Amino acid sequence: MSESYILSILAFLPLAGAFLLLFMKSENVGLIRFWTLGVALANFVVSLPLLWLFDASNPGMQLQQKYAWISSLGISYHVGIDGISFWLVLLTTFLSVICIVSSWSVENKVREYMFFFLLLETGMIGALISLDVFLFYIFWEAMLIPMYFLIGVWGGKERIYAAVKFFIFTMVGSLLMLVAIMALYYININAGGDATFSILEWYKLPLAPSVQMIMFAAFALAFAIKVPMWPVHTWLPDAHTQAPTAGSVILAGVLLKMGTYGYLRFAMPLFPNAVEAATPFMMTLAVIGIIYGALVAMVQKDVKKLVAYSSVSHLGYVMLGIFALNPQGVVGGIYQSLNHGISTGALFLLVGVIYERRHTRMIEDFGGLSKSMPWYATVFMVVTMSSIGLPGLNGFVGEFLIMLGAYLASPVAAIFAASGVILAAGYMLWMYRRVFFGECDKEENQNLKDLTKLEWGYLLPMLVFVFWMGIYPGFFTAKMEPTVDAWLKQVDDKRIACSELVDENPIAMFFTEDVSPSE
Amino acid sequence: MLEYIWLIPFLPMVGAIINGLLNRRLSHAVVNTIACGSIFLSFLLSVGAFFALTRLEPAARFHEVNLFTWIAAGSTEITLGYLMDPLSAVMCLVVTGVGFLIHVYSVGYMHHDDGYARFFTYLNLFCFAMLTLVLGNSFLVLFVGWEGVGLCSYLLIGFWFSDMEKATAGMKAFVVNRIGDFGFLIAMFLIFQNFGTLNFREVMNAAPEVLIYGGFTVTAICVLLFVGATGKSAQIPLYVWLPDAMAGPTPVSALIHAATMVTAGVYMIGRCNIIFSMAPTAMATVATVGALTALFAGTIAVTQNDIKKVLAYSTVSQLGYMFISMGVGAYVAGIFHLMTHAFFKACLFLGSGSVIHGMHEEQDMRYMGNLRKYMPHTFITFLVATIAISGLPPLAGFFSKDEILWMAWSNGFKFQWALGFIAAGITAFYMFRLVFMTFYGKERINPEVHPHESPATMTVPLYILAGLSIVGGFVGIPAALGGLNHFHHWLAPVLDASSAHEAVKHAAMMVGDGGLAVTSALASGAEHAAAAGHAAAAGHHDLTEYVLMAASVGYAIFGIAVAFFLYNRRPEIPAKVADSAKGLYNLLYNKYYVDEIYGAVFVQGCVNLAVYLWKFWDVVVVDGFVNGLAKVVAMAGSVLARFQSGNVQAYAVSIMVGAVALIFLVAAF
């Protein structure tokens, strides 16, 4: 099965490309840019066959590849995708190309910038396809480093503070998760299982609800920071505002989805009884995030920070959908995480366009841009509408399914969440009005150039998806649904199976029994 | 023929795409040929569909076309589909017919505007959305149109975006509408939860079995849907956006903010009449809010000096009548008034546009007067429409408004009738006040303004609409006046009170005595309507009906007479009245200060809360905690730095000690 190599190629082609970059002269900027674009583009092209290689009717893991890696510890190189990760992988390869194109204007340390970007792509795809928890953790951490540098080196004025904050927040969560991963590994062995980090094996591991609670807490915190959920979201506005444009795009587009993906792949199917107990709590946090993010977005003075806070609100919807634990909610949640990648990604790109021209992102510095940049204003309007969920554009489909799913699970949550619909219109349109409408009275704004060919080059593909995903979502949801149905069933079955298990102190377990894994 | 109904909304969309993408590259002639041509073809298709329906048996007059599955997940499957039935046929004819006339009118009105192609793009896009709204076969497809028209309204109100005030008005319209949408969304979730579908026909057919007559669920659904309607159709408490929406070009006010979009809420209730009939409390709410709005907006209109503002408040008031009608169970009468209102209000708005056009953008009636001398065509058509809205026979408004008031009275909604009746005379008064201030009396025109009549592209649509304002009511002449009431018969398959009544009675019987007890005098709208209908059919006309008819005509004439006296004979009196009742005058002139109150409470409240959350919670609490932690770590770090000896073995030991300590720590909990 030669096509089973495809996932590995996707993960390591950017890495290979990145290392070759190191052999290029750093002043040869043109070559470096085209090379990086070529690598990203090649990766995107390689990812396209997934569209037909991936069997939509098969709910399980596909295109799997498994090799023993550190066999003494049961660690393997094991990759594969299912309906949950499928579109996220494609979103990653797609957005990477968009980001490289939009980074054409980066002038400072181009080689290192491109190097980190390709490294980041490897990290993201690796994390999405890993079916071995150890492998996942390595990729998960590997994403952190390039992002740290992208913010810290190519960021704005407060970049160091933002980069460190980003790193520390994420690291705190990751370390707790690492402890939980270790614990699970030993619990699995003590339960008579093989020494393995295979997530597919771990799914079968019966855990007492009380054990689940502790493990879930560790995983959930790590992922909640990544999402980010309220109240651990405060790293995001800083990271977004300080990151370079492409960094923000990839951060919003893919990195945040690692959090929601983590819930779907790890935290929820591993610990369904804990999920059951925590659902009201998680839904509450999600709803607070929706309203809180929207309210705070409303009073931001910096467009980019406004978009960042709107992400908090949008990701709140995603979490709400996932925890609705019904097909509408979960499909809606996954769909919304793709949508968010497109609309918020596009918003960051658009903010980047104006920042390059004016070197400011303050709303008060603009006004009347519709006059000087009509096409830019039009594109911005379409993306704004997509972000506030206008039916016919991508944002609506996800939001509707999420709120419908949430309503079926908890009407109160859905009612509060639906108020976000009002607030979203408020903060986006208020910003839009101040930036684009009114008299174009500031001299600096009067002769701004409208969108260039290059900018059209990366905005147009985004617009195509804004419409496509809004008008014909079936193309996308058809590939998720079987997996989501199976996933829901798996979570539910395991919940029932585990609900009667005895409470045992999980940590004590592996001190009282033989913990040596090496036989 | 009916297979092609999807082309009705599709054609204007194609027009919008072409004009939108090619924009300035097209000449004006090409732009308006595409724009007007596409909507005219839609009109022809609507006419074709109408006749195709007439050839069917009344009970079989519906046709659904499903294009493709739009949203599917789990048990949810929503197809993008269109439904043609007598109700949507009427709405299609109104939207495409009036829409086409307004497109033609705009060719003249927008002639000099820079954004000519952009204007027609939006206008065509609006027609697409509005037709999707009236043709949608499910709540969600309706909602697509519902949001689409909201978008176009937003874009068109703020069409002249360089003016911040206009841009703000657009934003206000969108956000206020979203408050209504919130209700609509929740209603949809409730419907889906109970029915497992959002398709209109499936929901309405299943309603008597699924819902309990007068129960909490059906009441909640209907009230929430009505919340949506108050936003879109500008009723209390969400009417505030509509008067501001007059910032848009006048053809937009005529098409969107008078004839079509704002009636969407009325249409939606008509579409859902079966479930509304099962929720008497919701019905009473609808009727009461409608009646209050009719009177409230009417009183504001009396003091306004901006010609478009008067018409705007008049629209809010007239929409109130439509909701009275829906609320008392007189669904056909409501749709009837929706149609006649589309004719005469479009005529009035276009007439005012012609005045503004001829007066070089002057909108203040205090600087007009005696314009009939300069604009004879505008004047005569405007006068006809004014008579129609004032409710004088035999013009359209008389039949439709009188039917509403009569149904309110005869169905036992005496309070709502009284409010509506009072408002009727006020309507006649402020409308003729407008006519006298604008077209009669002394010329108060600024010397640099030279009024002129508008070109034929503008006056011909005016004449057509004026003609429709005269004859439009004849399709619904009530039996009491010897009419055949074709309109009722046509809409009967969808809106007939007696079929709704059957369903409701059936539902009431199923729940037994408890359910029947809910059927209070107030609630039995459908029963009364049916009874009235039977009485009328049998030829026993209630004497009251004639008395009320005469009273409202007399009252309207009285209103006109007062306006004539105050604004034509003795124009100095209004100022004195305003002076002597300064408090009341200012209250009305400033629209009861509702905008100011909303601004202070809701908008400022939200902003203050947001600033507090941001500055306190994000910055002080969360970041303060994290930064504080960082400081502690830094301090500890400077102490621990001494352990950094460079000895790898020492590090390994530390790591092990740490890991063990951590595990013990976790175990201890």
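The following exchange concerns a predicted model with chains A and B.

Modeller: In this predicted model, local features need pLDDT of at least 70, side-chain atom pairs count only at pLDDT 80 or more, and totals for chains, interfaces and linings use all residues. Residues are numbered from 1 along each chain as its sequence is written, chains are lettered from A and ligands numbered from 1 in the order in which they are written, and side-chain values use heavy atoms, with hydrogens and water left out.

Biologist: How many helices and strands does chain A have?

Modeller: Helices (H or I, at least four residues) and strands (E, at least two) are DSSP runs, numbered from the N terminus. On that basis, the secondary structure of chain A comprises 23 helices and two strands.

Biologist: What is the radius of gyration of chain A?

Modeller: The radius is taken over C-alpha atoms, and the globule rule is 2.2 Å times the number of residues to the power 0.38. The C-alpha atoms of chain A fill a box of roughly 75 × 55 × 45 Å along the principal axes. For 519 residues the rule gives a value near 24 Å for a compact globule, and chain A agrees with it, at 22 Å.

Biologist: What percentage of the residues of chain B count as buried?

Modeller: Buried means under 20% relative accessible area, exposed over 50%, and partly exposed in between (1.4 Å probe, protein chains only). Chain B has 28 helices and two strands, and its C-alpha atoms fill a box of roughly 105 × 70 × 55 Å along the principal axes. Of its 669 residues, the buried portion is 59%.

Biologist: How much of the surface that chain B exposes do carbon and sulfur atoms supply?

Modeller: Accessible areas come from the Shrake-Rupley method with a 1.4 Å probe; for residues, only the protein chains shown count as cover. Chain B exposes about 24,900 Å², and the part supplied by carbon and sulfur atoms is 70%.

Biologist: Are H3(B) and H15(B) roughly parallel or roughly antiparallel?

Modeller: Axes are lines fitted to C-alpha atoms, for helices over the stretch in contact, and angles run from 0 to 180 degrees between N-to-C directions. Angles under 35 degrees count as roughly parallel, over 145 as roughly antiparallel, 65 to 115 as roughly perpendicular and the rest as oblique. Helix H3 (residues 86-109) and helix H15 (residues 331-358) of chain B pack at about 5 degrees, with their axes 11 Å apart. H3(B) and H15(B) are therefore roughly parallel.

Biologist: How many charged residues does the contact of H3(B) with H15(B) have?

Modeller: Contact means heavy atoms within 4.5 Å. Ala, Val, Leu, Ile, Met, Phe, Trp, Tyr, Cys and Pro count as nonpolar, Asp, Glu, Lys and Arg as charged, and the others, Gly among them, as polar. The residues in contact include Val94(B) and Val98(B) of H3(B) and Phe343(B) and Ala346(B) of H15(B). By class, the contact of H3(B) with H15(B) has 16 nonpolar residues, four polar and, as for charged residues, none.

Biologist: How are H3(B) and H4(B) oriented relative to each other?

Modeller: The axes of H3(B) and helix H4 (residues 116-135) of chain B come within 10 Å and cross at roughly 175 degrees. H3(B) is therefore, with respect to H4(B), roughly antiparallel.

Biologist: Which residues does Ser400(B) touch, leaving aside those up to four places away in sequence?

Modeller: Ser400(B) is found in helix H17 (residues 396-410) of chain B. With a relative accessible area of 0%, Ser400(B) is buried. Beyond four places in sequence, Ser400(B) touches Phe336(B), His337(B) and Thr340(B).

Biologist: Is Ser253(B) buried or exposed?

Modeller: Ser253(B) belongs to helix H10 (residues 250-259) of chain B. Leaving aside neighbours within four places in sequence, its contacts include Lys308(B) and Phe349(B). Its relative accessibility is 0%, so Ser253(B) counts as buried.

Biologist: What is omega for the peptide bond from Val227(A) to Pro228(A)?

Modeller: Most peptide bonds are trans. Pro228(A) lies in the loop between helix H9 (209-226) and helix H10 (235-242) of chain A. The bond from Val227(A) to Pro228(A) is cis, with omega near -10 degrees.

Biologist: What is phi of Lys591(B)?

Modeller: Most residues other than glycine have a negative phi. Lys591(B) is found in the loop between helix H26 (582-589) and helix H27 (594-640) of chain B, and is partly exposed at 22% relative accessible area. Its phi is positive, near 55 degrees.
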